[in-house]
Structure formats: C-alpha cells, structure tokens
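Here are some short exercises to help you find your way around a new structure. Try each task by yourself, then read the worked solution.

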Amino acid sequence: MKKILLSFAALFALASFSCSKGGKSVRLGTNAAFPPFEWIEGNEVVGFDITLGNLIARDYGQELKVVDMSFDGLIAALQAGSIDFIASGMTATDERRKNVDFSEPYYSSKQTIIVRADNKDTASVSDLKKKSVGVQAGTTGEIYATEEIEGSQVKSFKTVIDAALALKNGAIESIIVDELPAKEIVRRNPELKIVDDDFFTDEYAIAVKKGNKELLDSINKTIKTIKENGVYKKMLDSYMPLEGDMKILSAGDL
C-alpha cells in the first residue's frame with residue numbers, strides 16, 4: 001500500500017525560487033482534490049501538477065503561488081486575471097480552447113468507473129444506463145455522462161472526493177473519473193472498487209489566458225525539456241510508482 005511521504009522542508013525549497021522579474025509571482029490555479037495530481041497534505045497543496053507548476057515558475061523566473069478553487073471556476077478565474085495558468089488535470093477540449101490557450105499535452109489519462117465493492121451489476125459503461133452517475137462539475141466525465149449514457153441521472157459534485165463520499169453512503173450508484181485519481185480513491189476507500197472499462201482517454205494540458213504567448217511558450221519549453229532530460233520520468237516514478245511508496249520531489253531532486 002502506498003504511503004505519502006511529505007517533507008515540509010522540501011516543499012519550502014521547491015516553492016521558494018528566486019525571482020528575476022521584479023519580485024512578482026506567477027499564480028497557478030488548481031482544484032486540490034485530485035490526487036496524485038493535486039491534493040492537500042497538512043496545510044500544503046502538493047502533487048504532480050504542483051511540482052510541474054514549480055518547474056514552470058522557475059523557468060519563467062518567478063515565484064509560484066498556488067490558488068486552490070473549484071474546478072468549474074478555474075477558466076473564469078483565468079479570464080478575469082485572478083490566476084495566470086491552470087494546472088489541474090484539465091483536458092484540452094475544443095470547447096475549452098474557445099476560452100483559453102493550451103500547452104502541449106503533458107499526460108494522457110483514461111476514464112474509469114468506480115462503484116461500491118459489493119456491486120455485481122456493473123461491468124462496463126453500458127451498465128450505467130438509467131442509473132445515477134456521480135461526476136466532478138465541469139469535467140469531461142460530466143460531459144460524457146450527460147451526453148453519452150442513455151437515461152443516466154447525472155449528479156455533479158464540487159470534487160471527486162465528495163462524489164466518493166456520496167457513493168459510499170448510497171446516494172449514487174457510480175462515479176466516472178480519471179484513472180489515477182480513481183485508483184487513489186479506491187486505495188483510501190476499500191469499500192469501493194474500479195470497473196475496468198477503457199471507454200475514452202483524455203489529454204491533460206496547461207491552460208493560459210488567450211493571447212498570453214510569452215507564458216505559453218515558456219510552459220511548452222519546460223514540458224519539452226523535462227521530457228527530454230529525464231525529469232518527467234522521475235516525476236512519474238515518484239507520484240505514480242508501479243509499486244512502493246508515493247513521494248513528493250524536492251527541488252534538489254529535479
């Protein structure tokens with residue numbers, strides 16, 4: 001079983017990059033209820049996307065400030081200038097491209113179904129017809145459940161953790177969520193299980209405000225660099241190990 005190892009000293013070092021642009025910070029918007037990409041540990045927001053955000057900030061010459069908010073409010077906050085970029089397991093859809101500019105993809109994730117462990121009636125997405133399906137508001141899972149599952153009773157939640165609680169309490173019959181968060185939810189809640197049915201795949205990307213080419217170019221350069229120099233693989237191995245413990249990377253590890 002994974003055990004999250006957290007070093008506050010490492011987190012402090014990772015967040016305290018020197019600023020070369022007049023002491024300004026770059027603001028990362030996220031919804032910190034989506035492990036292993038982002039979650040709250042103690043008083044800190046941590047995860048794969050936060051480490052990536054720190055690398056983006058470092059390369060951009062600014063300090064990183066993490067802003068935790070509801071997922072369905074992220075794009076509006078970006079457009080309003082409350083945040084500078086979004087790193088929150090966000091899929092680069094055509095609909096979202098109307099409102100934001102996306103980086104190159106940095107992760108591919110398939111969608112997954114979670115049900116209660118005693119559920120023997122759900123073997124695939126086709127078994128969700130005319131049943132209650134929990135989703136996180138504003139996600140591709142919500143769109144899919146609403147548009148593709150015949151007669152589904154879609155119930156939207158602020159976070160997938162809220163949806164998992166509703167599933168455990170019998171308020172809904174299933175959840176649609178990305179694979180890695182699904183695995184983490186089930187790991188923490190053994191009364192739930194995953195239904196293995198690969199029905200569609202998402203590509204995560206970083207979102208910036210329309211026209212912010214300077215930041216977007218810098219983000220794309222960071223993503224390209226870490227994929228070429230081995231840092232990206234180290235991040236995958238640390239946050240998504242095939243076996244052993246999950247751990248947070250320190251600045252000195254990257």
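**Exercise 1.** Work out which strands pair with β8, how they run, and which residues face each other.

*Solution.* Please keep in mind that this is a predicted model.

- Step 1: Begin with β12, residues 192-195. Four bridges link this strand to β8, and the pairing is antiparallel. For a residue pair to look up, take Val115, whose bridge partner in β12 is Lys193.
- Step 2: Move on to β11. This strand also pairs with β8 in the antiparallel sense, over four bridges. Here Ile114 stands opposite Ile175 of β11.
- Step 3: Now go to β13, residues 201-204. Four bridges join β13 to β8, and the two run antiparallel. Tyr107 has Tyr204 as its bridge partner in β13.
- Step 4: A general point helps when you view these pairs: strands of a sheet pair through backbone hydrogen bonds, either parallel or antiparallel.

**Exercise 2.** Decide whether strand β8 is mostly covered or mostly open.

*Solution.*

- Step 1: Locate β8 at residues 107-116, which makes 10 residues.
- Step 2: Count those that are buried, with under 20% relative accessible area. The count is seven, so β8 is mostly covered.
- Step 3: For the wider setting, 52% of the protein's 254 residues count as buried.

**Exercise 3.** Find the order of the strands in the open sheet that contains β3, and name its edges.

*Solution.*

- Step 1: The sheet has three strands, in the order β2-β3-β4, with antiparallel pairing.
- Step 2: The edge strands pair on one side only; they are β2 (33-34) and β4 (44-46).
- Step 3: Look at the join between β2 and β3 (residues 38-41). Two bridges hold this antiparallel pair, and the bridge partner of Phe34 in β3 is Glu38.

**Exercise 4.** Explain why Ser88 counts as buried, and list what surrounds this residue.

*Solution.*

- Step 1: Place the residue. Ser88 sits in the loop between β6 (85-86) and α4 (94-97).
- Step 2: Check its accessibility. Ser88 counts as buried because its relative accessibility is 2%, and the cut-off is under 20%.
- Step 3: Look for its neighbours. Leaving aside residues up to four places away in sequence, Ser88 touches several residues, among them Gly29, Asn31, Asp49, Phe71, Leu74 and Tyr106. Phe34 and Glu38, the bridge partners from Exercise 3, are also touched by Ser88.
- Step 4: Pick out a polar link. The side chains of Ser88 and Thr30 are joined by a polar contact of 3.3 Å.

**Exercise 5.** Search for enclosed space: how many cavities of 30 Å³ or more are there, and which residues line the largest cavity?

*Solution.*

- Step 1: Recall the idea. Rolling a probe the size of a water molecule over the atoms shows where empty space is left.
- Step 2: Over the whole structure, the search finds one cavity of 30 Å³ or more. The largest cavity holds about 110 Å³ of space.
- Step 3: Its lining has 17 residues, and those nearest the centre are Phe34, Gly89, Thr139, Thr140 and Asp178. The elements giving two or more residues to this lining are α5 (140-148) and β11 (174-178). The largest share, three residues, comes from β11.
- Step 4: Sort the lining by character: six residues are nonpolar, eight polar and three charged.

Conventions
Residues numbered from 1 in each chain as written. Predicted model: local features only at pLDDT ≥ 70, side-chain atom pairs only at ≥ 80, totals over all residues. Heavy atoms only, no water. Pairing = 2+ DSSP bridges. 1 Å grid on protein atoms, 1.4 Å probe; cavity = no way out; pocket = protein on both sides within 12 Å on 5 of 7 lines; lining within 4 Å. Points joined across faces, edges and corners; volume = space filled by probe spheres on them. Nonpolar A, V, L, I, M, F, W, Y, C, P; charged D, E, K, R; others polar. Buried < 20%, exposed > 50% of the residue type's maximum accessible area, 1.4 Å probe, protein only. Polar contact = N/O pair within 3.5 Å; in protein donor to acceptor, adjacent residues only side chain to side chain. Contact = heavy atoms within 4.5 Å.
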